[in-house]
Amino acid sequence: MIKLYQYEVCPYCCKVKAVLDYKKIAYEKIEVNPMTHEELASVPGAIEYDKVPVLVDGEKVVFESNDIIRYLDQKYSKNPIVALDAKGRLVQDKWIQFVDDELVQILPGNIYRSLTESLDSFKYITKVGKFPRWKRYYLALGGAVAMTIVAKKGMKKRGITDPRKALSDTLQKWSQGMAGKKFMGGDRPDISDLVCAGTLTAVHEMKVWDFIAEQKPVADWYQRMASLLN
Ligand SMILES: N[C@@H](CCC(=O)N[C@@H](CS)C(=O)NCC(=O)O)C(=O)O
């Protein structure tokens, strides 16, 4: 069976999981210890690569979320997601890049917006991630303080003063791109729909979700996507 080495709350891993689920590919999740990466020791090249997600399919090891997704679509033909024509692929790539370069980048400023929200996010991250139970409290506290500062710096660098407004604007760009269609791909989701919905799933259990759920029509599109990922 396919093995996905991951962090439960990593947006890049969530993208890959969305594709595996949509294509109905059976897989085993292996939660990686973020401090030791010890689970990756037996996977050729993975310790040197030093990131998740890593996909292992028999003898094949694939790194980088977008490469993993394209590999999966090529190998597993059920529910195809990559356009067959070059022009279609160009459009899809534009939206994948939008998710990676814009959406993913403004999430930290939104999940670590204040110390209280950071603590809330870290409590969830340390609960679902592979952290020793006794260390969780201290890691959550330290992580929350550190990430609030890091996220603030990141937002400042991008000229963002209101992270929620930036998130709302980004989600609006996505819905404008859909231009009234059911999915970015049309009547069926394509690779960009899965990349975007998967990325958002990473924050589904956090406080920011209350805000995302109010952003129509993106919230309705997300519901349509979520119903296809069970
Ligand atoms: N470009 C990579 C980015 C992956 C990435 O940055 N993963 C983070 C987790 S979200 C990571 O593993 N960072 C190193 C670490 O946590 O040790 C991809 O798309 O797969």
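At what angle do the axes of helix H8 and helix H10 cross? I shall answer that first, and then turn to the sheet. Please bear in mind that this is a predicted model.

Helix H8 covers residues 191–201 and helix H10 residues 218–227; their axes cross at roughly 95 degrees and come within 10 Å. Angles of 65 to 115 degrees count as roughly perpendicular, and H8 and H10 are therefore roughly perpendicular to each other. On the H8 side, the contact involves Asp193, Leu194, Cys196, Ala197, Leu200 and Thr201. These residues meet Trp221, Tyr222 and Met225 of H10. By character, the contact residues of the two helices comprise seven nonpolar, one polar and one charged.

I now come to the sheet. The sheet is open and mixed, with four strands in the order E2-E1-E3-E4. Its edges are E2 and E4, the latter at residues 60–63, and each of these strands pairs on one side only. From one strand to the next, the twist averages 20 degrees.

Let us consider the pairings of E1. Strand E1, residues 2–6, is parallel to strand E2, residues 27–31, and five bridges connect the two. Within this pair, Gln6 lies opposite Glu31 of E2. The connection from E1 to E2 passes through helix H1, residues 11–22, as a right-handed β-α-β crossover. With strand E3, residues 54–57, E1 runs antiparallel and shares three bridges. There, Leu4 has Leu55 of E3 as its bridge partner.

Finally, what lies across E1, E3 and E4? This is helix H3, residues 65–75, which runs at about 135 degrees to E4.

Methods:
Residues are numbered from 1 along each chain as its sequence is written. This is a predicted model: local features need pLDDT of at least 70, side-chain atom pairs count only at pLDDT 80 or more; totals for chains, interfaces and linings use all residues. Side-chain values use heavy atoms; hydrogens and water are left out. Two strands pair if DSSP finds at least two bridges between them. A crossover is right-handed if, with the strands pointing away from the viewer, the path from the first strand over the helix to the second runs clockwise. Axes are lines fitted to C-alpha atoms, for helices over the stretch in contact, and angles run from 0 to 180 degrees between N-to-C directions. Angles under 35 degrees count as roughly parallel, over 145 as roughly antiparallel, 65 to 115 as roughly perpendicular and the rest as oblique. Contact means heavy atoms within 4.5 Å. Ala, Val, Leu, Ile, Met, Phe, Trp, Tyr, Cys and Pro count as nonpolar, Asp, Glu, Lys and Arg as charged, and the others, Gly among them, as polar.
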